[in-house]
There are 2 protein chains.
Amino acid sequence: MTPKVAQFLADRQPATPCLVVDVDRVAERYNALLDALPLARIYYAVKANPAAPILRRLVSLGSSFDAASWEEVQLCLAAGADSSAISFGNTIKKASAIAAAFEAGVDMFAFDSDEELEKLARHAPGSRVYCRLLVENTGADWPLSRKFGTTLAHARVLMLRARDLGLDPYGLSFHVGSQQTSTEAYEAAIGKVAMLFTDLSAAGLDLRMVNLGGGFPTRYRDDVPEIDDFARAIGRAMTAGFGNALPEMIVEPGRFVVADAGVVQSEVVLVSRRGHGDDQDRVRWVYLDIGRFGGLAETEGESIRYRIRTPHDGGEMGPVSIAGPTCDGADIMYERSNYRLPTALRDGDRVELLDTGAYVSTYCATGFNGFAPIGEHYI
Amino acid sequence: MTPKVAQFLADRQPATPCLVVDVDRVAERYNALLDALPLARIYYAVKANPAAPILRRLVSLGSSFDAASWEEVQLCLAAGADSSAISFGNTIKKASAIAAAFEAGVDMFAFDSDEELEKLARHAPGSRVYCRLLVENTGADWPLSRKFGTTLAHARVLMLRARDLGLDPYGLSFHVGSQQTSTEAYEAAIGKVAMLFTDLSAAGLDLRMVNLGGGFPTRYRDDVPEIDDFARAIGRAMTAGFGNALPEMIVEPGRFVVADAGVVQSEVVLVSRRGHGDDQDRVRWVYLDIGRFGGLAETEGESIRYRIRTPHDGGEMGPVSIAGPTCDGADIMYERSNYRLPTALRDGDRVELLDTGAYVSTYCATGFNGFAPIGEHYI
């Protein structure tokens with residue numbers, strides 16, 4: 001938690017649950033990534049947190065943007081981004097969304113299938129297109145599954161077809177999975193990309209860009225490698241794959257840029273110890289006024305394990321299960337991750353969930369169980 | 001899909017994704033439940049769908065309401081419900097929410113812990129309280145876990161304590177899990193409740209109410225027992241447990257009342273067949289403009305399996321995976337449930353997800369990936 005956020009919480013005592021984001025910290029993280037990867041252009045993944053103050057700050061720093069929808073394209077434009085700095089990075093787009101973005105000046109689009117390529121040729125003629133490869137997500141806390149990406153062999157066919165359709169076969173992308181904690185995932189993926197570059201070059205098609213995706217991790221409860229470790233691994237792999245003929249490099253960080261700039265403050269609704277008549281009796285249940293459907297969607301499967309601060313830190317601790325405030329039995333954040341909280345914790349206490357600037361506000365349900373969406377403060 | 005919904009979709013071609021609910025059908029389902037369980041009072045579980053037209057219709061039919069939050073209490077009052085017809089059924093409540101509801105005239109509250117009971121005694125003195133028992137959720141497609149309810153032994157202590165605290169020890173509740181497809185779950189739970197009634201009566205405390213919770217299933221893809229089957233099982237168990245001295249009975253249906261009154265219409269964004277180089281090649285990926293974060297949260301773990309209608313029904317079918325429109329790899333509805341859809345299905349086609357009146361609109365995220373919340377039409 002940055003001093004500015006701590007001060008804001010102390011002074012304002014905002015209604016809970018709320019998310020407070022230090023926009024200066026966002027800028028620091030953006031610059032740290034720029035330092036670590038000076039050869040890469042940064043396309044901020046808007047989906048991580050599309051708040052206007054964040055987008056405006058990133059525009060002022062010269063960032064580009066990775067938009068998941070026509071609506072996100074509009075948010076970037078409204079924040080002052082130039083359409084040439086926007087990539088429409090979702091491989092699943094309505095024809096109307098492609099046409100609207102193209103009309104607004106966006107000329108860079110992702111795809112991973114014949115069908116999407118046809119749509120791009122029709123609704124965004126001549127645009128730069130890049131094909132997403134399916135790569136291993138081993139090591140990622142929030143893997144991206146088989147939903148996206150295609151094989152090397154299919155990507156080869158698709159890129160040649162893109163040229164035939166009058167599109168600009170710009171490059172290749174991959175995504176190693178969100179909150180990726182292994183540098184090797186990037187190295188393996190870059191190796192595949194380099195192979196396809198060489199292969200297509202032999203077929204008379206010279207690609208110009210490698211999109212490394214996002215995935216750079218934030219330190220939640222467990223330590224993660226430093227960004228410099230990722231940068232070194234990426235540099236090594238790029239040199240091994242491309243020698244001196246380095247293509248343009250793009251990264252699409254979301255979590256890395258905004259996660260640790262944000263803090264969720266929540267009120268404890270209930271701490272109970274229920275007589276289930278078994279070993280679990282000693283485990284208290286702590287119910288917060290935010291849960292899986294109030295923004296903490298990434299606690300599904302206990303994937304993302306946030307650090308939690310309480311007013312009683314330093315005192316005696318005991319095991320807890322942690323759940324949200326709704327009547328939904330699935331609204332449990334942590335039952336198996338060995339969380340411990342102070343035994344002095346009581347209902348009415350305010351607690352902080354740290355590093356929650358990314359993937360919280362937008363996952364929040366509109367009104368599940370009647371609860372209003374999380375309050376947001378950008379300072 | 002009721003004729004009225006079909007007509008509305010044909011005439012209006014509303015923007016997708018949207019939810020269309022036939023409020024007359026809600027009334028039919030309410031009356032069907034009343035017919036099946038004439039001795040029970042119906043407390044509609046507002047969380048299933050809190051839309052004002054639904055609440056107003058149910059008020060006009062004489063329904064009572066199960067509210068999960070102070071916000072839901074307010075929705076009921078705004079729809080014309082009398083405060084005496086509202087139960088605050090969440091066992092996890094902020095002190096301020098209890099006080100506000102009590103102030104508004106609500107005098108019936110759920111609890112399952114010492115800590116919550118203390119809060120009720122302080123902020124809703126003299127109110128009717130009922131203790132939630134932990135019962136087996138076997139047979140439920142959306143089980144409610146260990147988050148709620150306590151043991152018989154603990155409930156006994158709590159009910160006696162409620163009396164000592166000046167509260168009105170009204171009764172006991174349980175919940176067999178949502179979309180419960182086994183009638184036996186109710187019978188077993190009623191047996192436990194009856195035992196505790198007898199036991200407390202011997203201790204000088206006569207309880208007056210049994211709250212059977214909800215859980216009555218809707219027919220999605222698979223057949224489920226009829227409501228009459230549940231009613232007969234409940235009647236048998238109540239007679240076996242209580243003889244002629246039947247206590248007041250309460251049920252809290254949500255899904256049963258509203259699910260099959262609603263239809264989600266969605267647009268196909270992309271149908272692709274990607275060259276993953278394995279058996280999965282023959283499986284098409286169908287991406288809709290609604291997914292797990294756009295309202296179909298109950299497809300988590302493929303728990304609730306909706307029926308899907310397309311304009312090509314009757315033609316050749318083939319296996320599909322079905323996913324939402326976001327860049328999130330977790331936004332997949334069905335990958336392992338052997339869904340098949342027509343091979344003629346194309347992007348731009350409108351499809352209907354049937355029986356989606358419950359637990360859709362309110363789970364919907366505020367703006368994940370930039371997508372606006374689902375449109376809602378109550379007709």
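Helices (H or I, at least four residues) and strands (E, at least two) are DSSP runs, numbered from the N terminus. With these names, Gly166(B) can be placed in the loop of chain B between helix H7 (152–164) and strand E8 (168–173).

The model is predicted, and for that reason local features need pLDDT of at least 70 and side-chain atom pairs count only at pLDDT 80 or more, whereas totals for chains, interfaces and linings use all residues. Residues are numbered from 1 along each chain as its sequence is written, chains are lettered from A and ligands numbered from 1 in the order in which they are written, and side-chain values use heavy atoms, with hydrogens and water left out.

**Loops and backbone**

Gly166(B) counts as partly exposed, at 44% relative accessibility; on this scale buried means under 20% relative accessible area, exposed over 50%, and partly exposed in between (1.4 Å probe, protein chains only). Although Gly166(B) and Gly126(B) are 40 residues apart in sequence, their C-alpha atoms are 5.6 Å apart in space.

Two residues of chain B that are not glycine have a positive phi, and they are set out here with their values.

| Residue | Phi | Place | Relative accessible area |
|---|---|---|---|
| Gln13(B) | about 40° | loop between H1 and E1 of chain B | 47%, partly exposed |
| Gln179(B) | near 55° | strand E9 (residues 178–180) of chain B | 2%, buried |

The peptide bond from Thr16(A) to Pro17(A) is cis, with omega near -5°, and Pro17(A) lies in the loop between helix H1 (3–12) and strand E1 (18–21) of chain A. In chain B, a cis peptide bond joins Thr16(B) and Pro17(B), with omega about -5°, and Pro17(B) is found in the loop between helix H1 (3–12) and strand E1 (18–21) of that chain.

**Helix pairs**

In chain A, helix H7 (residues 152–164) and helix H8 (residues 184–202) pack at an angle of about 45°, with their axes 11 Å apart. Axes here are lines fitted to C-alpha atoms, for helices over the stretch in contact, and angles run from 0 to 180 degrees between N-to-C directions. H7(A) and H8(A) are therefore oblique to each other, since angles under 35 degrees count as roughly parallel, over 145 as roughly antiparallel, 65 to 115 as roughly perpendicular and the rest as oblique. On the H7(A) side the contact (heavy atoms within 4.5 Å) is made by Leu152(A), Ala155(A), Arg156(A), Met159(A) and Leu160(A), and on the H8(A) side by Lys192(A), Met195(A), Leu196(A), Asp199(A) and Leu200(A).

In chain B, the axes of helix H2 (residues 23–36) and helix H3 (residues 52–60) come within 10 Å and cross at roughly 40°, and H2(B) and H3(B) are therefore oblique to each other. Val23(B), Asp24(B), Val26(B), Ala27(B) and Tyr30(B) in H2(B) meet Pro53(B), Ile54(B), Arg57(B) and Leu58(B) in H3(B).

**A strand and a covered helix**

In a regular strand the side chains alternate between the two faces of the sheet. From strand E5 (residues 108–111) of chain B, Met108(B) and Ala110(B) point one way and Phe109(B) and Phe111(B) the other way, and all are buried. E5(B) pairs in the parallel sense with strand E6 (residues 128–132) of chain B over four bridges, where pairing requires that DSSP finds at least two bridges between the strands; the bridge partner of Ala110(B) in E6(B) is Tyr130(B).

In helix H6 (residues 114–123) of chain A, Glu116(A), Leu117(A), Lys119(A), Leu120(A) and Ala121(A) are buried. What covers the buried residues of H6(A) includes H7 of chain A and strand E12 (262–272) of chain B.
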